[in-house]
Amino acid sequence: MATMITAEFQSCFIFLLLCLFSLLCYSLLFRKPSSRRDAYDCDLPPSPPSQHTKLKDSQVGRDLPQSPPSLPIIGHLHHLISSLSHKSLQKLSSKYGPLLYLSIFNFPVVLVSSASVAYEIFKAHDLNISSRDNPPIDESLLVGSSVFVGAPYGDYWKFMKKLLVTKLLGPQALEQSRGIRADELERFYRSLLDKAMKKESVEIGKEATKLSINSICRMSMGRSFSEESGEAERVRGLVTELDGLTKKVLLVNILRWPLEKLGISLFKKEIMYVSNSFDELLERILVEHEEKPDKHQFTDLMDVLLEAYADENAEHKITRNHIKSLFVELFLGGTDTSAQTIQWIMAEIINNPNILERLREEIDSVLGKTRLIQETDLPNLPDLQSVVKEGLRLHPPLPLMVRTFQRSCDMKGFYIPEKTTLVVNAYAVMRDPTSWEDPDEFKPERFLRQEEERRGLNHIAFGSGRRGCPGSNLATIIIGTAVGTMVQCFDLSIKGDKVKMDEAGGLNLTMAHPLECTLVPRTNLPFSNLQVQSL
Ligand code: HEM
């Protein structure tokens, strides 16, 4: 997968180079006279959306953050499209500093890589960076005008965020949907037990993906996808394809302005293929919802969105595409992220038998040996919680966060131009040696010590501020209970001594060698002999 992505990038790279070279010549020849530096207070309301700013020469070399050496024409593009961009950028920042100014074909990008700069940016400049600029392929559900994750900070975003929190992700909504997750956790356990009994090897990532997709779909749209009809496999395939597109979408976003000028729609065919497949699937589910007879008994997120769609007087008028885009984004942001984290954490636990022992002791002593772990047990399992935090610290599934500076501003004494793309390298922040002891080692016990907790914004796996992840509580529950179940109920063995921990290429942080193991039910647990019913 990684080599495929790299090869595709190489071929489009030459094409891009030629197109952008002509644009660069054009802009150098016809650039406007230099304007005075004009910095605003960053927490002013964002200015109306305008075109992506191309950096004016008058601003280059004045008091911008330091810029590392770059290549002619493409600037620092090679760091962003390298197969492990978060590592390439981490290397750059450890050599040149935590606040850097990069240029991609002369378009400005600010890179943040330390806890202290991240703290300043999310605390003092949060409103200014609370938008991700509107992406370019209008009719697509993934990067079109109807998206939520890419929506500017404004009325539409606030309206949808309120619904997301009240109907799906807020504390009350999570309490109401607890039964669904308990059901799905038991199904996860039974599926593992079935494989263990048959001595089949288990792909942990696949089982975890089923768990997270089923939980999130049942919570948000009242149904999961059928394994028998092949629908579930198709959805998992689409989520994987969606993952593969994220780096391309980032590139399209950063290069949006020159591409628009040149009339180029990069990767449009691939993006539209995945978008159309989701469109077809989600339209079917929307119609099912509209036609269901007991509509008014229990309303899920999809029902509420359909009500708003049908209501002429709704607080905010939304279209069917708004609803579909939101669900595509929930598939992308909510399912694979949790599944990848579960996989990384299990790999770390297998490689650290002392941690496995400690977790088991904790679970057995708190729960006894007569029942399966439940999500209400999590607050009483500090060791398990610290393992989840440490897994997310070392292996954040979304290592790079992208926002846009709506206005020019001053930061740490440097000038940041309006419409500069902001990239926060969460991977580098969470391995920053100035805020973490032994940053590259898996040491969950660090979170049991108070001082690690007090170091503010050094743990940003879920981002921060207004646009931080609204699904963090749900994700922590799904990950905690899945890891807890495997630790509590099974002995895990792998081929070889240690799990290989290499990272695959791509924007999402996935394992290059997906974790496969054989499970053996722990013999001293009475419930491990539960009859496996057909699932
Ligand atoms: C391990 C699991 C997860 C991780 C590591 C994660 C991480 C992130 C990150 C880093 C962001 C961007 C934050 C920023 O820019 O500051 C984000 C945004 C988002 N996440 Fe998550 N996420 C996870 C699970 C979930 C789940 C389970 C859901 C919902 C079902 C979800 C829904 C969202 C949404 C809707 C946004 C966009 C928020 C906005 O733009 O206002 N995420 N997530």
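1. Before anything else: two strands count as paired here if DSSP finds at least two bridges between them. With that in hand, take strands β8 and β9 (residues 516-521), which run antiparallel and are joined by 4 bridges. If you'd like one bridge to look up, go to S493, whose partner in β9 is T518. Keep in mind throughout that this is a predicted model.

2. So much for one pair; now the sheet around that pair. It is an open sheet of 3 strands, in the order β3-β9-β8, with antiparallel pairing. The edge places go to β3 (201-203) and β8 (490-493); each has a single partner strand, so one side of each has no neighbour in the sheet. Ignoring direction, neighbouring strands of this sheet are turned against each other by 45° on average. Helix α7 (residues 178-197) packs on the sheet and touches β3, β8 and β9, and its direction makes about 90° with that of β9.

3. There's another open sheet to find, this one with 4 strands in the order β1-β2-β7-β4 and mixed pairing. Which strands stand at its edges? They are β1 (99-104) and β4 (400-404); each has a single partner strand, so one side of each is left without a neighbour in the sheet. From one strand to the next, the twist averages 25°. Helix α3 (residues 85-96) packs on this sheet, with β1, β2, β4 and β7 all touched, and its direction makes about 90° with that of β7.

4. Within that sheet, have a look at β2 (residues 107-112) and β7 (residues 421-425): these strands run parallel, joined by 4 bridges. A handy place to start is V112, whose bridge partner in β7 is V424.

5. On to the helices. The axes of α14 (residues 353-367) and α15 (residues 382-394) come within 8 Å and cross at roughly 140°. That angle is why α14 counts as oblique to α15. On the α14 side the contact is made by I355, R358, L359 and E362, and on the α15 side by D383, L384 and V387. Sorted by class, this contact has 4 nonpolar and 3 charged residues, and no polar ones.

6. Next, the ligand. How many residues surround the ligand? There are 25, and the closest are G334, G463, C469, G471 and A475. The elements giving two or more residues to this shell are α13 (320-351) and α18 (472-489). Of the elements, α13 gives the most, with 7 residues. By class, the shell holds 14 nonpolar, 9 polar and 2 charged residues.

7. Finally, a word on confidence. The protein has a mean pLDDT of 84, and 81% of its residues reach 70 or more. Over residues 25-55, though, pLDDT stays under 50, and the model has 56 contacts beyond four places in sequence for them. Residues 530-535 also have pLDDT below 50, and this stretch has 8 contacts in the model beyond near neighbours in sequence. Where pLDDT is low, predicted coordinates shouldn't be read in detail.

Key: Residues are numbered from 1 along each chain as its sequence is written. This is a predicted model: local features need pLDDT of at least 70, side-chain atom pairs count only at pLDDT 80 or more; totals for chains, interfaces and linings use all residues. A residue is near a molecule or strand if its C-beta atom, placed from the backbone, lies within 6 Å of it. Ala, Val, Leu, Ile, Met, Phe, Trp, Tyr, Cys and Pro count as nonpolar, Asp, Glu, Lys and Arg as charged, and the others, Gly among them, as polar. Axes are lines fitted to C-alpha atoms, for helices over the stretch in contact, and angles run from 0 to 180 degrees between N-to-C directions. Angles under 35 degrees count as roughly parallel, over 145 as roughly antiparallel, 65 to 115 as roughly perpendicular and the rest as oblique. Two residues are in contact if their C-beta atoms, placed from the backbone, lie within 7 Å. pLDDT is the predictor's confidence in each residue, from 0 to 100.
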